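Welcome, and take a moment to look over the sequence and the model. We will go through them together, step by step.

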Amino acid sequence: MNVAVAVVGLLASACGDGGGGAVEISIGATEQQPYPFTFEAEGVAVDEGVVCSSGDVEEGSQRSGAITMTFTCGDGSGLFILETAIDLRGFEGEGVPDSDWTFLSGTGDYDGLDGSGIHRWFKPDEISPPEAMDVVLQVMEGTISR
């Protein structure tokens, strides 16, 4: 059984006194856990403790062309919420166009973070998933800092 999966890569540049850096967060599902999605993160921001290395992801409210995604860290360090603004103006392709994402809020270790960037969607056959996931659907690139 093939399970729909999402992949989010947050690329964050090092900035600010509190740290920050590049990170790629892969979000997906397995046949054993189709939802909530799970994520695995790696990169400088994970190494510096700005973003946790794994947990669950749930899509939340949708309003006025915006979708929220809640990342709950598996190590109990907190959660953070990103919002994607979907702009369909001028879009004539299949799927969903590139959009902007913004860091909305966080709890625990993620309270007070800031970030934004580009959110891209892919057809399942356009990108190779990590070993633990079936299909890659999304990549977010941008910055995140304390």
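What follows is a short tour from the whole chain down to a few chosen residues.

Keep in mind as you look that this is a predicted model. The protein chain has one helix and eight strands. If you follow the chain along its sequence, these elements come in the pattern β-β-α-β-β-β-β-β-β. Of its 146 residues, 40% count as buried. Among contacts with a separation of 6 or more, 43% are between residues 24 or more positions apart. Turning to the outside, the chain exposes about 7,600 Å², and carbon and sulfur atoms supply 47% of that area.

Next, let us look at the interior. The largest nonpolar core has 24 residues, and the members that touch the most others are Ile 25, Ile 27, Phe 39, Phe 71 and Phe 80. Several elements each give at least two residues to this core: strand E1 (24-28), strand E2 (37-42), helix H1 (44-47), strand E4 (66-73), E5, E6 and strand E8 (138-145).

Two of those strands, E5 and E6, are worth tracing with your eye. Strand E5 covers residues 79-85, and it pairs with strand E6 (residues 99-106) in the antiparallel sense over six bridges. Within this pairing, Ala 85 has Asp 100 of E6 as its bridge partner. Strand E6 is also joined to strand E7 (residues 114-121), again in an antiparallel arrangement, through four bridges. Here Ser 99 stands opposite His 119 of E7.

Now pause at Thr 84, which belongs to strand E5. Is Thr 84 buried or exposed? Thr 84 counts as buried because its relative accessible area is 2%, under the 20% limit for that class. Its side chain makes a polar contact with the side chain of His 119, at 2.6 Å. Setting aside residues up to four places away in sequence, Thr 84 touches Gly 65, Ala 66, Ile 67, Ser 99, Asp 100, Trp 101, His 119, Trp 121 and Met 140. You have already met some of these names: Asp 100 is the bridge partner of Ala 85, while Ser 99 and His 119 stand opposite each other.

From there, move to the cysteines. How many disulfides does the model have? The count comes to one, and it is formed by Cys 52 and Cys 73, with their sulfur atoms 2.0 Å apart. This pair links distant parts of the chain, 21 residues apart: Cys 52 is in the loop between H1 and strand E3 (54-63), and Cys 73 is in strand E4. The link is left-handed, with -75 degrees about the S-S bond. Cys 52 counts as buried because its relative accessibility is 4%, and Cys 73 is likewise buried, at 6%.

Our last stop is Ser 53, which also sits in the loop between H1 and E3. Why does Ser 53 count as partly exposed? The reason is its relative accessibility of 39%, a value that lies between the 20% and 50% limits. Leaving out neighbours within four places in sequence, Ser 53 is in contact with Phe 39, Glu 40, Ala 41 and Val 46. The C-alpha atoms of Ser 53 and Glu 42 are separated by 6.3 Å, and these two residues are eleven apart along the chain. Phe 39, in contact with Ser 53, is one of the core members named earlier.

How values were computed. Residues are numbered from 1 along each chain as its sequence is written. This is a predicted model: local features need pLDDT of at least 70, side-chain atom pairs count only at pLDDT 80 or more; totals for chains, interfaces and linings use all residues. Side-chain values use heavy atoms; hydrogens and water are left out. Buried means under 20% relative accessible area, exposed over 50%, partly exposed in between (1.4 Å probe, protein chains only). A polar contact is a pair of N or O atoms within 3.5 Å; within protein, one must be able to donate a hydrogen and the other to accept it, and residues adjacent in sequence count only if both atoms are side-chain atoms. Contact means heavy atoms within 4.5 Å. Two strands pair if DSSP finds at least two bridges between them. Accessible areas come from the Shrake-Rupley method with a 1.4 Å probe; for residues, only the protein chains shown count as cover. A nonpolar core is a set of buried Ala, Val, Leu, Ile, Met, Phe, Trp, Tyr and Cys residues joined through side-chain atoms within 4.5 Å. A disulfide is a pair of cysteine sulfur atoms within 2.5 Å.
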